[in-house]
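Let's walk through this one as a set of questions and answers. Keep the viewer open while you read.

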Amino acid sequence: MQRASAMRAVLVVLCSVWLAGARPSEDPGGKMAPAEIKGSESLMAKKEHGTCARPVNGKLRWSSSQAWADKICCFNRHGAEPAGSFVRDTTFLEETKGASEEVTFYDSVTGKPLFVAPRGRTWEEFIEESKDHGWPSFRDEEVIK
């Protein structure tokens, strides 16, 4: 099963830049994100606040650092947060432990819903896969279109 690219969905707070996907030279096999969810390079063009229209929302969930999220989401062209930081640097696991319902993940700049998880798997499977990848890992059916 293919997974939606969450490489740019960082710090659990999820940045709008995840839609940019990878440039063809960074993803020669075209495996990072399906074409229908990739955006154009204009998404990463200079805007009012780095590559964002405005700063990251000041009310982030799971004790996520607004300064760190803003740096990654709005002033970053390459890479993501250190692998595992969603476990080490947030209260995500503590606050969602034993979750019995789907959790909606929002864009940290616009506030729009991006993902709903888990769908088609258990919460434990979502967490295990996310830990294996180093950050939240979403599947195609969890992407809000």
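Q: Is Ser-63 buried or exposed?

A: A quick note on the ground rules: this is a predicted model, where local features need pLDDT of at least 70, side-chain atom pairs count only at pLDDT 80 or more, and totals for chains, interfaces and linings use all residues. Residues are numbered from 1 along each chain as its sequence is written, and side-chain values use heavy atoms, with hydrogens and water left out. Buried means under 20% relative accessible area, exposed over 50%, and partly exposed in between (1.4 Å probe, protein chains only). Ser-63 has a relative accessible area of 51%, so Ser-63 is exposed.

Q: Which phi value does Trp-62 take?

A: Trp-62 lies in the segment before H1, where helices (H or I, at least four residues) and strands (E, at least two) are DSSP runs numbered from the N terminus. Most residues other than glycine have a negative phi. Trp-62 has a positive one instead, near 60°.

Q: What is the phi of Ser-63 near?

A: Ser-63 also sits in the segment before H1. Ser-63 is a residue other than glycine, and its phi is positive, near 55°.

Q: In what order do the elements of the protein chain run?

A: The protein chain has 4 helices and 2 strands. Reading from the N terminus on, the order is α-α-α-β-β-α.

Q: How do S1 and S2 pair?

A: Two strands pair if DSSP finds at least two bridges between them. S1 covers residues 103-106 and S2 covers residues 113-117. There are 4 bridges between S1 and S2, and the sense is antiparallel.

Q: Which residue in S2 stands opposite Val-103?

A: In the S1 and S2 pairing, Thr-104 has Val-116 as its bridge partner. For Val-103, the residue standing opposite in S2 is Ala-117.

Q: Which side chains of S1 point to one face and are buried?

A: The side chains alternate along S1. Thr-104 and Tyr-106 point to the other face and are not buried. That leaves the buried pair, Val-103 and Phe-105.

Q: How many of the 5 residues of S2 are buried?

A: S2 is largely enclosed by the rest of the structure. That follows from its buried count, which is 4.

Q: Which residue in the hairpin of S1 and S2 takes a positive phi?

A: The hairpin has 6 residues between the strands. A phi near 80° turns up there, and the residue is Gly-111.

Q: Which peptide bond is cis, with omega near -5°?

A: Most peptide bonds are trans. For the cis one here, look at Pro-118, in the loop between S2 and H4. The bond runs from Ala-117 to Pro-118.

Q: Which residue does a disulfide join to Cys-52?

A: A disulfide counts as a pair of cysteine sulfur atoms within 2.5 Å, and a search of the whole structure finds 1. The S to S distance is 2.3 Å, and the partner of Cys-52 is Cys-74.

Q: Why is the disulfide of Cys-52 and Cys-74 left-handed?

A: The two cysteines are 22 residues apart, with Cys-52 in the segment before helix H1 and Cys-74 in H1. Cys-52 is buried at 2% relative accessible area, and Cys-74 is buried at 1%. The disulfide is left-handed because the torsion about its S-S bond is about -95°.

Q: How many salt bridges does the count come to?

A: A salt bridge here is a side-chain nitrogen of Lys or Arg within 4 Å of a carboxyl oxygen of Asp or Glu. One of them joins Arg-119 and Glu-102 (3.0 Å, N to O), residues that are 17 apart in the chain. By this rule the count is 4.

Q: Which residues are linked in a network of salt bridges?

A: Glu-129 meets Arg-121 at 3.3 Å, N to O, and both are buried. Glu-129 also forms a salt bridge with Arg-139, with the closest N and O atoms 2.8 Å apart. Glu-129 lies in H4 and Arg-139 in the segment after H4, so this pair ties together parts 10 residues apart in sequence. The network is made of Arg-121, Glu-129, Arg-139 and Glu-142.
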